[in-house]
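Trainee: Please give me a close look at one helix, and then lead me from there to the parts around it. I would like the terms explained as they come up.

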Amino acid sequence: MKFFLDTANIDQIKEAKDMGMLDGVTTNPTLVSKENKSLHELYSEIVEICKGKPVSLETTTNNTDVIVKEGQNFVNTYGKDIYVKVANTKPGLKAVRQLWDSGINCNVTLTFSAAQYLLAAKAGARYVSPFIGRLDDIGHTGMDLIKEIKQIFGNYDFKTQILVASIRHPQHVVDAGKIGADVV
Ligand code: G3P
C-alpha cells in the first residue's frame, strides 16, 4: 500500500521521507496557497525531494484545451514523474484522454461515485481519487465507495489505480488497506 502525502508543505514531505513513508505527493490549489512560496519554487522543491516518485499537480480550469496546455507545461517543466490532476468533469475527461494519448499521466480528482470512477478510468486516468472524507461529511459512508470500485475493477483489466483521498483519520487508512486500495 502506497502513501501519498496530500500537502505542499516541504517540512512535512521531508519528515515523511525521513521515516520511509513517502511514496508520492498530491497537491491542490488550496494546499499550495498555504505556503509562502512561488508555485515554481514550491513545485521544483517537491519534485526534487520526491526524486522519481509520483507528484500530482492540479490544473485550475474547466476548459479542455487549457487543461491540456497546463498539463503539458507541468510535464515539460517538472518532468515525467508529474501526474496531471484534473477534475472529473466532461471537459476534464476530454483533456485526460488527450494527455493520455500524448503519453502524459493523469490523476482524476473530485470523484464521488463508482460511475464517475469508471468514466475516468475509461478516459485513461492512471489514478482516480475518490473523496471519501467529503462523503462522510455529508452523511454517506465514503469507504463503501472504495469497496464498490474495488469490486468493479476486480471484474476487468483496468490499469487505473485507486487513490483513496480526503482521508480524515488513521482508521480510514486501515480500512482502505483491508479493501486493498492501491494508494491512500
Ligand atoms: O487533494 C484534495 C483531497 O485530498 C481533499 O481532501 O481533506 O480537503 O477533503 P480534503
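Trainee: Which residues are buried in α1?

Mentor: Before we look at the helix, keep in mind that this is a predicted model, in which local features need a pLDDT of at least 70 and side-chain atom pairs count only at pLDDT 80 or more, while totals for chains, interfaces and linings use all residues. Residues are numbered from 1 along each chain as its sequence is written, and side-chain values use heavy atoms, with hydrogens and water left out.

In α1, the buried residues (under 20% relative accessible area, with exposed meaning over 50% and partly exposed in between, for a 1.4 Å probe and protein chains only) are Ile-10, Ile-13 and Ala-16. These residues cover an arc of only 130° around the axis (taken from the directions from the helix axis to the C-beta atoms), which puts them on the same side of α1. This fits a general rule, which is that an α-helix has 3.6 residues a turn, so residues three or four places apart point the same way. The face of α1 turned away from that buried side carries Asp-11, Glu-15 and Asp-18, which are exposed. As for what lies over the buried residues of α1, the cover includes β1, β2 and α3. These labels come from DSSP runs numbered from the N terminus, with helices (H or I) of at least four residues and strands (E) of at least two.

From α1 we can turn to single buried residues in other helices. Val-32 sits in helix α2 and counts as buried at 10% relative accessibility. Leaving aside neighbours within four places in sequence, Val-32 is in contact (heavy atoms within 4.5 Å) with Ala-8, Thr-27, Leu-39, Leu-42 and Tyr-43. Thr-7 is 25 residues away from Val-32 along the chain, and yet the C-alpha atoms of the two are separated by 7.7 Å.

Leu-39 and Tyr-43 appear again when we move to Tyr-78, which touches Leu-39, His-40, Tyr-43, Ser-44, Val-47 and Leu-57, not counting residues up to four places away in sequence. Tyr-78 belongs to helix α4, which covers residues 64-78, and it is buried, with a relative accessible area of 15%. Its C-alpha is 7.6 Å from that of Tyr-43, although the two residues are 35 apart in sequence.

Helix α4 also leads us to α5, because the buried residues of α5 pack against α4, together with β4, β5 and α6. Those buried residues are Gly-92, Leu-93, Ala-95, Val-96 and Leu-99, and they cover an arc of only 155° around the axis, which puts them on the same side of α5. On the other side of α5, Lys-90, Lys-94 and Asp-101 are exposed. The length of α5 can be checked too, since the expected span of a helix is 1.5 Å times one less than its number of residues. For the 12 residues of α5, from 90 to 101, that gives 16 Å, and the end C-alpha atoms are 17 Å apart, which agrees.

Helix α8 can be read in the same manner, with its 13 residues, from 142 to 154, reaching 19 Å from first C-alpha to last, close to the 18 Å expected. Gly-142, Met-143, Leu-145, Ile-146, Ile-149 and Phe-153 are the buried residues of α8, and seen down the axis they fall within an arc of 145°, so they line one face of the helix. Gln-151 and Gly-154 are exposed on the other side of α8. The partners against which the buried residues of α8 pack include β5, α6, β6 and α7.

Strand β5 brings us to a point about the backbone. Most residues other than glycine have a negative phi, whereas Leu-110, which lies in strand β5, has a phi near 55°, a positive value. Leu-110 is partly exposed, with a relative accessible area of 35%. Lys-51 also has a positive phi, of about 35°, although it is not a glycine. Lys-51 is found in the loop between α3 and β3, and it is exposed, with a relative accessible area of 56%. With α3 we are back at our starting point, since α3 is among the elements that cover the buried residues of α1.
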